[in-house]
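Here is a short briefing on a predicted model. Keep the structure open while you read the points on pockets, sheet and selected residues.

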Amino acid sequence: MSWHKVPSTPVYYYWTIGIVLLPEARGQGYGTQAQRLLARYLFAHTTVQRIEAATEVGNVAEQRALEKAGFTREGVHRSTGWRDGAHRDGVWYSMLRTDQLG
């Protein structure tokens, strides 16, 4: 898991989070649980209103994990990455403090 502040105005920021799982740990719910717990921690210990996460459009497993963790799909950003010799679209998710944590 990783997280870092993203400044959006001179006096406001939000968090963006990310996760990498070893292949043998995938598909067991660890990613969902880790992202849910990190979101709870960040809301409990900071004053932010927003946490965001992103993944490639083709990473359906991560999209499901984020949705199960309580994140809302916001939309697709075209050509946000480069991998395996091609531009890749990304899909963005967010959770607001006012959202019910999954």
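The second largest pocket holds about 160 Å³ of space. Its lining divides into 2 nonpolar, 5 polar and 4 charged residues. The largest pocket has a volume of about 500 Å³.

**Second largest pocket**

- The lining consists of Ala54, Thr55, Glu56, Asn59, Thr80, Gly81, Arg83, Arg88, Asp89, Gly90 and Trp92.
- Two or more of these lining residues come from each of β3, β4 (72-83) and β5 (86-96).
- The top contributor is β5, which gives 4 residues.

**Largest pocket**

- The lining has 24 residues.
- Leu21, Arg26, Ala61, Glu62 and Ala65 are the lining residues that lie nearest the centre of this pocket.
- By class, the lining splits into 11 nonpolar, 9 polar and 4 charged residues.
- Four elements each supply at least two lining residues: β2 (12-18), α1 (30-45), β3 (50-56) and α2 (60-69).
- The largest share, 6 residues, comes from α2.

**The sheet**

- An open sheet is built from 5 strands, in the order β1-β2-β3-β5-β4, with mixed pairing.
- The edges are β1 (2-9) and β4, each of which pairs on one side only.
- From one strand to the next, the twist averages 30°.
- Helix α2 packs on this sheet and touches β3, β4 and β5.
- The direction of α2 makes about 10° with that of β5.
- In general, strands of a sheet pair through backbone hydrogen bonds, in a parallel or an antiparallel sense.

**Strand pairs and hairpins**

- β1 and β2 run antiparallel and are joined by 7 bridges.
- Within this pair, Val6 has Tyr14 in β2 as its bridge partner.
- The hairpin that joins β1 to β2 passes through 2 residues.
- β3 and β5 also run antiparallel, with 7 bridges between them.
- Here Glu52 is bridged to Ser94 in β5.
- β4 and β5 pair in the antiparallel sense over 8 bridges.
- His77 stands opposite Gly90 in β5, and Arg83 stands opposite Ala86 in β5.
- Gly90 and Arg83 both appear in the lining of the second largest pocket.
- β4 and β5 form a hairpin with 2 residues between them.
- In that turn, Asp84 has a positive phi of about 50°.

**Glu52**

- Is Glu52 buried or exposed? Glu52 counts as buried because its relative accessibility is 11%, and the cut-off for buried is under 20%.
- Glu52 sits in strand β3.
- Beyond residues up to four places away in sequence, Glu52 touches Tyr14, Trp15, Thr16, Ile17, Trp92, Tyr93 and Ser94.
- One of these contacts, Ser94, is also the bridge partner of Glu52 in β5.
- Another contact, Trp92, helps line the second largest pocket.

**Ile17**

- Ile17 lies in strand β2.
- At 7% relative accessibility, Ile17 counts as buried.
- Which residues does Ile17 touch, not counting residues up to four places away in sequence? They are Met1, Ser2, Trp3, Gln35, Leu38, Leu42, Ile51, Glu52, Ala53 and Phe71.
- The C-alpha atoms of Ile17 and Ile51 are separated by 7.3 Å, although the two residues are 34 residues apart along the chain.

**Ile19**

- Ile19 is in the loop between β2 and α1.
- Ile19 is partly exposed, with a relative accessible area of 21%.
- That value puts Ile19 in the partly exposed class because buried requires under 20% and exposed requires over 50%.
- Leaving aside neighbours within four places in sequence, Ile19 contacts Met1, Gly31, Ala34, Gln35 and Glu62.
- Among these contacts, Glu62 is one of the residues nearest the centre of the largest pocket.
- Met1 is 18 residues from Ile19 along the chain, yet their C-alpha atoms are separated by 4.4 Å.
- Met1 and Gln35 are in contact with Ile19, and both are touched by Ile17.

Notes: Residues are numbered from 1 along each chain as its sequence is written. This is a predicted model: local features need pLDDT of at least 70, side-chain atom pairs count only at pLDDT 80 or more; totals for chains, interfaces and linings use all residues. Side-chain values use heavy atoms; hydrogens and water are left out. On a 1 Å grid over the protein atoms alone, a cavity is a set of points where a 1.4 Å probe fits but cannot get out, and a pocket is an open set with protein on both sides within 12 Å along at least five of seven lines; lining residues have an atom within 4 Å of a point. Grid points are joined across faces, edges and corners, and a volume is the space filled by probe spheres set on the points. Ala, Val, Leu, Ile, Met, Phe, Trp, Tyr, Cys and Pro count as nonpolar, Asp, Glu, Lys and Arg as charged, and the others, Gly among them, as polar. Two strands pair if DSSP finds at least two bridges between them. Axes are lines fitted to C-alpha atoms, for helices over the stretch in contact, and angles run from 0 to 180 degrees between N-to-C directions. Contact means heavy atoms within 4.5 Å. Buried means under 20% relative accessible area, exposed over 50%, partly exposed in between (1.4 Å probe, protein chains only).
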